[in-house]
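I opened the model to take notes on a few strands, loops and overall values. The entries follow in the order in which I looked things up.

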Amino acid sequence: MTLKANGLTEGYRSPTYYELTAPTELDWRPHRPLSYLTYRRDWDERGRTGKAGVYPLHLDIDPTNRCNLRCRMCPRTHYLETGQNDWAPFGLADLDLALYEKIIAFSVGEGLQSVKLNFLGEPLLHPKLPQMVSLAAQAGLWVMINTNAVALNRYLSKKLLKAGLTDIFFSFDSPYEKEYENIRVGARYLAVLDNIASFMEVKEELGLKHVQTRASMVIGEGERDLERIKSDYIKLFRDLKVAEIGFGLPTVMGRDYSSLPAPDHFVCPDLFRRLFIFNDGICGPCCGDWERRLIVGDVNTQTISEIWNGEIYQKLRQSHLSGHYRDIPACRDCSVPYLSTVEA
């Protein structure tokens, strides 16, 4: 199943993601400098041409691998329930602030444009998150977070926005209370909606029209009336004045994607524009490599430049560019090449 195959085509962006952009009255883009447009053009160009430049455009940094929910579709939940610990070999812990400061220091003046502060954990659980946002903002970076918004009270919203947060993506997986609470185990529908509403109010009070907001839900396989779900979800978040609305497909944990039809030639665009840094400093190239099979470096002992331009990462990129992505087990098992072949 793809979003395209289920009638979600007007904002189709990739085999696994569809997004409605903001209406004019909520559009944050006109309130950003031209340098932002240049950055996004570079982002698209690197993915299209397979040219990595000398430094990543973007870092995904995990402030913590702890979380306050056990969402049913989350790989983290799957690993906890099955007793696998490759995703967290040293247990549950927060990113050391000194290491984070070193990561930002590495990147000043090197061409980095943005950071997103999360990966497998819930970033709001890191006690120093506003300080982390501030450090990145002061370095001139666009600063993003994905959050389940369970801990997003009004006080924290104000601290994050004043620290320089520029993009916030709310993960909210159903417009219906009972279904939402069944999926996002541990969350309370009305309380989380109230948190999001408070954030939007603070943003408006501070006059921060350049801050991007987005609500996204994962559409599970075998969904019922997608048009009704889409319509109700859009209305829910448009009423809260959230700018962007997204719908994504999950990777089904335990499925053998390597046995399914996939293109002979597939080049992952993220290899040329972003780097993932886990909460312990280990680095990988991929948002789906939860088991750490594609380790490309360690910021505890290397600079980001050394990792980005190092032999391991260069060989990985070359494998994709030469049509041999299937020779890499983690890439062969990935859902994205398979999903890219499925049409309506």
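**Entry 1: Asp-225.** I am working with a predicted model. I started at Asp-225, which sits in the loop between E7 and helix H8 (226–239). I then asked whether Asp-225 is buried, exposed or partly exposed. Its relative accessible area is 39%, and since buried means under 20% and exposed over 50%, I logged Asp-225 as partly exposed. I also took a distance from Asp-225 to Asn-65: the two are 160 residues apart in sequence, and their C-alpha atoms are 34 Å apart in space.

**Entry 2: strand E7.** From that loop I stepped back to E7, which covers residues 212–218. Six of its seven residues are buried, so I noted E7 as largely enclosed by the rest of the structure. I looked up which strands pair with E7. Strand E6 (residues 167–171) runs parallel to E7 and is joined to it by five bridges. Within that pairing, I found Ser-171 opposite Ser-216 of E7. E7 also pairs with E8, again in the parallel sense, over five bridges. For this second pairing I wrote down two positions: Met-217 has Phe-247 of E8 as its bridge partner, and Val-218 stands opposite Gly-248.

**Entry 3: strand E8.** How many of the five residues of E8 are buried? I counted five of five for residues 244–248, so E8 is largely enclosed by the rest of the structure. I then sorted the residues by face. In a regular strand, side chains alternate between the two faces of the sheet. In E8, Glu-244, Gly-246 and Gly-248 lie on one side, while Ile-245 and Phe-247 lie on the other. Residues on both sides are buried, and I recorded both faces of E8 as covered. Phe-247, the partner of Met-217, is therefore among the buried residues of E8.

**Entry 4: two positive phi values.** I next checked backbone angles. Most residues other than glycine have a negative phi. Lys-241 departs from that, with a positive phi near 70°. Lys-241 is in the loop between H8 and E8. Its relative accessible area is 45%, and I logged Lys-241 as partly exposed. Arg-292 is another non-glycine residue with a positive phi, of about 60°. I located Arg-292 in the loop between strand E10 (282–284) and strand E11 (297–298). Is Arg-292 buried or exposed? Its relative accessibility is 11%, and it counts as buried because the cut-off for that class is under 20%.

**Entry 5: strand E3.** I repeated the face check on E3, residues 58–61. His-58 and Asp-60 are on one side, Leu-59 and Ile-61 are on the other, and these four residues are buried. Both faces of E3 are thus recorded as covered. Which strands does E3 pair with? One is E4 (residues 114–116), which runs parallel to E3 and is joined to it by three bridges. His-58 stands opposite Ser-114 in that pairing. E9 (residues 274–277) also pairs with E3 in the parallel sense, over four bridges. There, Ile-61 has Ile-277 as its bridge partner.

**Entry 6: Pro-329.** I looked up Pro-329 and found it in helix H11 (residues 329–332). Pro-329 is partly exposed, at 41% relative accessible area. From Pro-329 to Met-253 the C-alpha distance is 16 Å, for a separation of 76 residues in sequence.

**Entry 7: the whole chain.** I closed with the totals. I listed 12 helices and 11 strands. Is the protein as compact as a globular protein of its length, or less so? The radius of gyration is 19 Å, close to the 20 Å that the globule rule gives for 344 residues, so I noted the protein as being as compact as a globular protein of that length. The C-alpha trace spans about 50 × 45 × 45 Å along its principal axes. Of the 344 residues, 51% count as buried. For contacts with a separation of 6 or more, 74% are between residues 24 or more positions apart. The accessible surface is about 15,300 Å², and 51% of it belongs to carbon and sulfur atoms. For charge, I recorded 41 positive and 44 negative side chains, with the centres of the two sets 3 Å apart.

Methods:
Residues are numbered from 1 along each chain as its sequence is written. This is a predicted model: local features need pLDDT of at least 70, side-chain atom pairs count only at pLDDT 80 or more; totals for chains, interfaces and linings use all residues. Side-chain values use heavy atoms; hydrogens and water are left out. The radius of gyration is taken over C-alpha atoms; the globule rule is 2.2 Å times the number of residues to the power 0.38. Buried means under 20% relative accessible area, exposed over 50%, partly exposed in between (1.4 Å probe, protein chains only). Contact means heavy atoms within 4.5 Å. Accessible areas come from the Shrake-Rupley method with a 1.4 Å probe; for residues, only the protein chains shown count as cover. Lys and Arg count as positive and Asp and Glu as negative; His and the chain ends are not counted. The place of a charge is taken as NZ of Lys, CZ of Arg, CG of Asp or CD of Glu. Two strands pair if DSSP finds at least two bridges between them.
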